[in-house]
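Take a walk through this two-chain structure, one feature at a time. Keep the view open as you read.

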Amino acid sequence: MTRVLRRFLADRAGRIGLAGLVLVLGMALGAGWLFPGDPLAVTGPAQTPPFQDPAHWLGTDRLGRDVLAQLFHGARVSLLVGAAAAVLAVGIGLLVGTTAGFLDGWADEALMRLTEAVQTVPSFVLALALILVLGPSLGHVVLAIGLGAWPGPARVVRAEVMALSRRDFVDAYRCMGMGWARIAFAKLLPNALSPVLVLATVITAAAILLVAAPSSLVVGDPNRVSWGSMIADGRAVLRSAWWLSAIPGVAIVVAVLSVSLLGEALTAALDPRRRRR
Amino acid sequence: MKSLLVRRLVQAVPVLLIVVCLAFLLLRLAPGDAVDALVVEMGGGDPGLIAQLRADYGLDQPWPVQLGLYLAHVARLDLGWSIGFSRPVLGLVLERAGNTALLMAAALALALSAGTLLGVAAAQSQLRGRGWLDTLLTGFGLLLYAMPGFWIGLMLIVAFAVKLRWLPLAGIATVPSFDTAWAYAADVARHLALPTVALSLMYVAVYLRLMRAGMLEVAGSDFVRTARAKGLPPGRITWRHVARNALLPMVTVFGVHFGMLLGGSVVIESVFAIPGLGRLAYEAVTKRDLNLLLGIVLASAVMVILANLAVDLLYARLDPRLRGAR
């Protein structure tokens, strides 16, 4: 474990990713302390460009709300929803993948057809439909994205568990009289986790991107500021104040890039064959 | 070859059935149905008329019957009547699918060619020991991958349509248009340039990574050493021996990307106001048009399944090792 950690920290990509993630997480955690009060409160003249008014470093939006405060508070929603959606997707994926991989035959067949069916519907169309059916609250956005993203981890886990289930130790547990669910989830799953860990970073990155999209299409929660809703809001004044859309986009890029770099370094650190030159 | 085709088609049937059932059950969860939306649009109506409308559209039946009715119609390629547009769904979907297909094909062509070229360049730089170009390109790829498609779209609009005024802001063609043949094609191409770039950048990054990894893997194999020992020129080895083999994994992932590309075009179409399938899906959801959304979900599932089928067949053709096995 310490060796993995050391190899991870020796990687430049890992260090940059970690620094970026600390920065964005710091924004999310420090939002209430640095910018107490409602980030959606009107605090100044409308559409002040960035770096001109010392009271509003990044300027104000079309209603005169502080952009920097919104950016900090938006980090909370965007990161939380992204991470929660990834946890949900990986959770469902682990459940379906382990079951399908361990139980061959019709259960595997049925679960894999279900996985394929979810994969054939474009996940964004699915998310859009779910959000509009259930209503645009944060929980529903998490649900909509998580329900579209689980086939990836499910397939990876299934392949790993299938390979592991032919090992001798599985037969030993069977002889002990252990039930299949306990063998599959308590004994096999921990051995199949490392590729899932890497996939989880990919899904988190994708979820942060995906969360921004529906809120930019006016189906997000209007009372919570997120980076996606800021871009959508700025879109209305794209001609006169393009920076209102540009700034939250940069924040998204920083967050997603950090998570991707982290995943990259994690892959390299976990895989002993792939040492960087 | 033929048996592969038949097996794949048989496997696709339950998948399609599950898709229809899932979409149907999902939309049954929605509060209110199409008649509610219709009545709101009419500005209210008496209960007798509302009940009559429900009966006309079969919405007064229990849901398993509605699902059965829908399945029976789908089997006859009848996707029903769109209440929101007062037109048959099939016609609407087919009419809009052309624009989406055009956008997707353009984006895919751009992503494949740019991704392949950049991937080969990155791998070559890594192999020759001049790592800086590789680091630069890999970093560039990660950056592209981290940018949301619709945000790229907005920024492209700001740069090229608002500030520089080089390209049109939105739409698929100038309205009203009196252009014919080549002039019309050029007009459409000008309108599609920005959306194509916005949709494809993420896949440029994906193909760059795949191509680079594939090139590095193939470059270490024995037949490449043999080719080098034979005295073949390096350019020929790179393109004919290494790159051709490195292209194979890209074909496999394309099936998965097709669905993602379709989802991405929903966002891009609404940013650039292109009348395609994605925008239609968005309109269907806002109008609570159950039949239309189901039709689109079904149409995109069929498109994804067909694309995967084509990929499988292409793969079997491209890889000579699979030819004897089947």
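In this predicted model, α3(A) and α9(A) are oblique to each other, because their axes cross at roughly 120 degrees, and an angle counts as oblique when it is neither under 35, nor over 145, nor from 65 to 115. The two axes come within 10 Å. The crossing of α3(A) and α9(A) is right-handed. Look at the residues that meet there. From α3(A) come T98(A), T99(A) and F102(A). From α9(A) come W180(A), A184(A), F185(A) and L188(A). Sorted by class, this contact has five nonpolar residues, two polar ones and no charged ones.

Stay on helix α3 of chain A and find L88(A). Is L88(A) buried, exposed or partly exposed? L88(A) has 19 other C-beta atoms within 10 Å. Being buried takes 20 or more, so L88(A) counts as partly exposed. Leaving out residues up to four places away in sequence, L88(A) touches V142(A) and G146(A). V142(A) is 54 residues from L88(A) along the chain, yet their C-alpha atoms are separated by 8.0 Å.

Now step back to chain A as a whole. Chain A has twelve helices and zero strands. Its elements, read from the N terminus, are helix after helix. The C-alpha trace of chain A spans about 75 × 45 × 30 Å along its principal axes. Chain A has 277 residues, and 50% of them count as buried. Take the contacts in chain A with a separation of 6 or more: 70% of them join residues 24 or more positions apart.

Chain B has 13 helices and two strands. Along the principal axes, its C-alpha atoms fill a box of roughly 85 × 55 × 35 Å. Of the 326 residues in chain B, 38% are buried. Among contacts in chain B with a separation of 6 or more, 72% are between residues 24 or more positions apart.

Next, a helix pair inside chain B. Helix α8 covers residues 181-219 of chain B, and helix α10 covers residues 234-272. How do these two helices pack? Their axes are 9 Å apart, at an angle of about 160 degrees. That angle makes α8(B) roughly antiparallel to α10(B), because angles over 145 count that way. α8(B) passes α10(B) in a right-handed crossing. On the α8(B) side, the residues that meet α10(B) include L194(B), P195(B), Y203(B), Y207(B) and G214(B). On the α10(B) side, the contact includes V242(B), N245(B), P249(B), H257(B) and F272(B). By class, the contact holds 19 nonpolar residues, five polar residues and no charged residues.

Go past the end of α10 in chain B. A273(B) sits in the loop between α10 and α11 of chain B. What is the phi of A273(B)? A273(B) has a positive phi of about 50 degrees, although it is not a glycine. Most residues other than glycine have a negative phi. A273(B) also counts as partly exposed, because it has 13 C-beta neighbours inside 10 Å and an exposed residue has 12 or fewer.

Then look at where the chains touch. The contact takes 35 residues from chain A and 39 residues from chain B. On the chain A side, α4, α5, α10, α11 and α12 each supply at least two residues. The largest share of that side comes from α12(A), with nine residues. The chain A side divides into 24 nonpolar, seven polar and four charged residues.

Finish with the nonpolar core. The largest one has 159 residues. Those with the most contacts inside it are L128(A), I145(A), A207(A), A281(B), I296(B) and V297(B). Which helix of chain A gives the most to this core? Helix α3 of chain A does, with 17 residues. That is the helix that holds L88(A). Turn last to V297(B) and its contacts. Setting aside neighbours within four places in sequence, V297(B) is in contact with V121(A) and V125(A). From chain B, V297(B) is in contact with V19(B) and A23(B).

Methods:
Residues are numbered from 1 along each chain as its sequence is written. Chains are lettered from A and ligands numbered from 1 in the order in which they are written. This is a predicted model: local features need pLDDT of at least 70, side-chain atom pairs count only at pLDDT 80 or more; totals for chains, interfaces and linings use all residues. A nonpolar core is a set of buried Ala, Val, Leu, Ile, Met, Phe, Trp, Tyr and Cys residues joined through C-beta atoms within 7 Å. Helices (H or I, at least four residues) and strands (E, at least two) are DSSP runs, numbered from the N terminus. Two residues are in contact if their C-beta atoms, placed from the backbone, lie within 7 Å. Ala, Val, Leu, Ile, Met, Phe, Trp, Tyr, Cys and Pro count as nonpolar, Asp, Glu, Lys and Arg as charged, and the others, Gly among them, as polar. Axes are lines fitted to C-alpha atoms, for helices over the stretch in contact, and angles run from 0 to 180 degrees between N-to-C directions. A crossing is left-handed if the near helix is turned anticlockwise from the far one by less than a right angle, and right-handed if clockwise.
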